[in-house]
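Please look through the model below before reading on. The text then goes through its parts in turn.

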Amino acid sequence: MLARALVLLVLAAPAAWAADTYEELRGRMIQEQIASGADGRLPVRDSRVLAAMRQVPRHLFVPAEVRHLAYTDQPLPIGEGQTISQPYIVALMTELAQLEPGEKALEIGTGSGYQAAVLAAITEEVYSIEILEPLARRAEQTLRDAGVTSVRIRAGDGYLGWPEAAPFDAILVTAAAPRVPQPLVDQLAMNGRLVLPLGELFQELIVLTRTPAGVQEERVIPVRFVPMVGQVQEPAP
Ligand code: SAH
């Protein structure tokens, strides 16, 4: 009996150890990369965002070959020539989206599903569109494995948004758009925020807010994202 208990303890230890280690790595990621304003970056201090970053197991969203780098200060390859954004950028975009529990969010560029999981830690209403079908399917599986069941994913061109679920309180585009996709602006609720990297070689993170007086634009920081493809690359109609 005792022997069996000991064997079980020994077998269970590595998993428990790993869970603790990842939690500790997440704590350090938040402290050193996100909340502190290291290297002159804008610190992210929104407690809801920090709690979401602490909760989501980022290591589950990266391929096994780079799992040991999951909590480092960099984007990582996720296959199909795409990347999962740097933790700081995910936190910053989430803060800029000013999402509140109960609000509705749309993400364009599901990729690994990580940003969607962070949004889902704040609100139950998260929609995400990914243009590469294999990535969309894999993200669905990863989210399920991570215990996130509320995110709705669609494979397709996010340029057109998700009209049946509009309007959205926040829309995040996680691929660089050479111009602002007008359908996304049209799908913003009043006071809704559209956060997107705008540009091609040179890109800036932009926040567009729909106000009663019209759409207001705020430029935040220079960034570097993979390009948004599809209809956004055709000349504006
Ligand atoms: N948010 C992701 C990272 C996204 S990388 C994460 O948390 O892991 C950008 C993603 O945008 C890529 O997966 C790319 O395939 C996708 N993408 C590019 N153009 C798109 C479009 N027009 N519609 C939807 N997704 C697009």
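What follows is a walk through the sheet, the helices, two backbone details and the ligand shell.

The model is a predicted one, and its sheet is a convenient place to begin. Seven strands make up this sheet, which is open and has the order β5-β4-β3-β6-β7-β8-β9. The pairing within the sheet is mixed. At the edges are β5, residues 152-155, and β9, residues 214-223, each of which pairs on one side only. Direction ignored, neighbouring strands of the sheet are turned by 15° against each other on average.

The β9 end of the sheet can be followed strand by strand. Strands β7 and β8 run antiparallel and are joined by 7 bridges. These two strands form a hairpin, with 3 residues between them. Within the pairing, Leu196 stands opposite Ile206 of β8. Strand β8, residues 203-211, is in turn joined to β9 by 8 bridges, and this pair also runs antiparallel. Here too the two strands form a hairpin, with 2 residues between β8 and β9. Which residues of β9 are the bridge partners of Thr209 and Arg210? Thr209 has Gln216 as its partner in β9, and Arg210 has Val215.

Next come the helices that lie across strands of the sheet. Helix α3, residues 87-97, lies across β3 (104-108), β6 (168-173), β7 (188-199), β8 and β9. Its direction is at about 150° to β7. Helix α5, residues 133-145, lies across β4 and β5 and runs at about 165° to β5.

Helix α3 also packs with another helix. Two packed helices are described by the angle between their axes and the distance between the axes. For α2, residues 47-55, and α3, the axes come within 9 Å and cross at roughly 140°. An angle over 145 degrees would count as roughly antiparallel, and one from 65 to 115 as roughly perpendicular; α2 and α3 are therefore oblique to each other. Their crossing is right-handed. On the α2 side, the contact is made by Val49, Ala52 and Met53, and on the α3 side by Pro87, Ala91, Thr94 and Glu95. By type, the residues of this contact divide into 5 nonpolar, 1 polar and 1 charged.

Two details of the backbone lie in loops. Is the peptide bond from Ala166 to Pro167 cis or trans? This bond is cis, with omega near 5°. Pro167 is found in the loop between β5 and β6. The other detail concerns Glu80, which has a positive phi of about 60° although it is not a glycine. Glu80 lies in the loop between β1, residues 76-79, and β2.

The last part is the surroundings of the ligand. Which of the 24 residues around the ligand come nearest? They are Gly109, Gly111, Ser112, Gln115 and Gly158. The elements that give two or more residues to the shell are β2 (82-84), α4 (114-120) and β4 (125-130). Among the elements, β2 gives the most, with 3 residues. In the shell as a whole, 12 residues are nonpolar, 10 are polar and 2 are charged.

Definitions and conventions: Residues numbered from 1 in each chain as written. Predicted model: local features only at pLDDT ≥ 70, side-chain atom pairs only at ≥ 80, totals over all residues. Near = placed C-beta within 6 Å. Helix = DSSP H or I, 4+ residues; strand = E, 2+ residues; numbered from the N terminus. Nonpolar A, V, L, I, M, F, W, Y, C, P; charged D, E, K, R; others polar. Pairing = 2+ DSSP bridges. Axes fitted to C-alpha atoms, helices over the stretch in contact; angles between N-to-C directions. Contact = placed C-beta atoms within 7 Å. Parallel < 35°, antiparallel > 145°, perpendicular 65-115°, else oblique. Left-handed = near helix turned anticlockwise from the far one by under 90°.
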